[in-house]
Amino acid sequence: MSSSNVKSNIPLHDPSAFHRRLKSRQSVIKSFEAKANENRSFSEKIADLLTSRLGSMKFLIINIILFFTWITINAGLVPIIPIFDPFPFGLLTMTVSLEAIFLAIIVLISQNRAAKIDDLRDEIDLQINTIAEEEITKMIELQVLLLKKNGLDVSADPELQQMLEPMDKERIEKSLKQELG
């Protein structure tokens with residue numbers, strides 16, 4: 001088959017074609033995260049909102065001011081305000097403990113959702129990498145055919161022969177399981 005008979009939708013010399021494909025793939029990745037954010041449950045949306053608000057410097061400063069004020073008042077250092085939680089500040093301890101419990105739960109909810117998204121991304125990466133490996137192997141096979149057609153013998157190249165072997169997914173998985181313990 002001559003090169004004039006081969007038709008392509010994208011010219012090989014068009015550098016913008018690569019950039020279009022790259023932008024398309026980037027938009028797929030971005031839209032994946034956007035879809036995940038759109039599909040959040042009401043409680044996940046609230047947890048994400050609270051995590052963004054409560055995980056801020058502003059929240060830390062407010063807590064420092066409140067705790068300092070509470071301790072200052074209840075240590076008797078402000079005589080015009082009566083002590084309402086005397087040392088060892090049992091009410092403050094309970095309040096801080098409850099705040100810590102709620103913050104931990106809110107953060108865990110957000111982290112669990114983020115972990116689900118990461119797991120899906122990892123699975124997508126695995127699928128794309130598997131497809132890319134198969135495509136690269138096919139390209140190598142085509143190059144070998146061209147080299148053979150031009151009279152070059154590549155059968156003695158052990159690296160090339162190894163590249164042409166199909167990927168042994170079970171061996172890779174077994175090796176990873178052994179490494180992980």
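**Exercise 1. State how much surface the protein chain exposes, and which atoms supply 65% of it.**

Solution. The protein chain exposes about 15100 Å². Carbon and sulfur atoms supply 65% of that area. These values are computed from a predicted model. As for burial, buried residues make up 13% of the 181 residues in the chain.

**Exercise 2. Describe the secondary structure of the protein chain and the order of its elements.**

Solution. Step 1: count the elements; there are six helices and zero strands. Step 2: read them from the N terminus on, which gives α-α-α-α-α-α. Step 3: turn to the contacts with a separation of 6 or more; residues 24 or more positions apart account for 49% of them.

**Exercise 3. Compare the span of α3 with the span expected at 1.5 Å a residue.**

Solution. Step 1: α3 covers residues 57-74 and has 18 residues. Step 2: the expected span is 1.5 Å times one less than the number of residues, which for α3 comes to 26 Å. Step 3: from its first C-alpha to its last, α3 reaches 26 Å, close to the expected value. Just after the helix, Gly76 takes a positive phi of about 80°.

**Exercise 4. Identify the buried residues of α3 and what they pack against.**

Solution. Step 1: the buried residues of α3 are Phe59, Asn63, Trp70, Thr72, Ile73 and Asn74. Step 2: their packing partners are α2 (42-54) and α4.

**Exercise 5. Explain why Thr72 counts as buried, and list its contacts.**

Solution. Step 1: place the residue; Thr72 is in helix α3. Step 2: apply the cut-off for buried, which is under 20% relative accessible area. Thr72 counts as buried because its relative accessibility is 18%. Step 3: follow the side chain of Thr72, which reaches the backbone oxygen of Phe68 at 2.6 Å. Step 4: leave aside the neighbours within four places in sequence; Thr72 is then in contact with Leu77 and Val78.

**Exercise 6. Classify Ile109 as buried, partly exposed or exposed, and name the surface patch residues.**

Solution. Step 1: Ile109 lies in helix α4, residues 90-149. Step 2: partly exposed is the class between buried, under 20%, and exposed, over 50%. Ile109 has 33% relative accessibility and therefore counts as partly exposed. Step 3: Ile109 helps to make a nonpolar surface patch of about 730 Å². The other residues of this patch are Phe84, Leu91, Met94, Leu98, Ile101, Phe102 and Ile105.

Conventions: Residues numbered from 1 in each chain as written. Predicted model: local features only at pLDDT ≥ 70, side-chain atom pairs only at ≥ 80, totals over all residues. Heavy atoms only, no water. Patch = residues over 30% accessible without salt bridge, like charges linked within 9 Å, V, L, I, M, F, W, Y side chains within 5 Å. Areas by Shrake-Rupley, 256 points an atom, 1.4 Å probe, with all protein chains shown as cover. Salt bridge = Lys/Arg side-chain N within 4 Å of Asp/Glu carboxyl O. Helix = DSSP H or I, 4+ residues; strand = E, 2+ residues; numbered from the N terminus. Buried < 20%, exposed > 50% of the residue type's maximum accessible area, 1.4 Å probe, protein only. Polar contact = N/O pair within 3.5 Å; in protein donor to acceptor, adjacent residues only side chain to side chain. Contact = heavy atoms within 4.5 Å.
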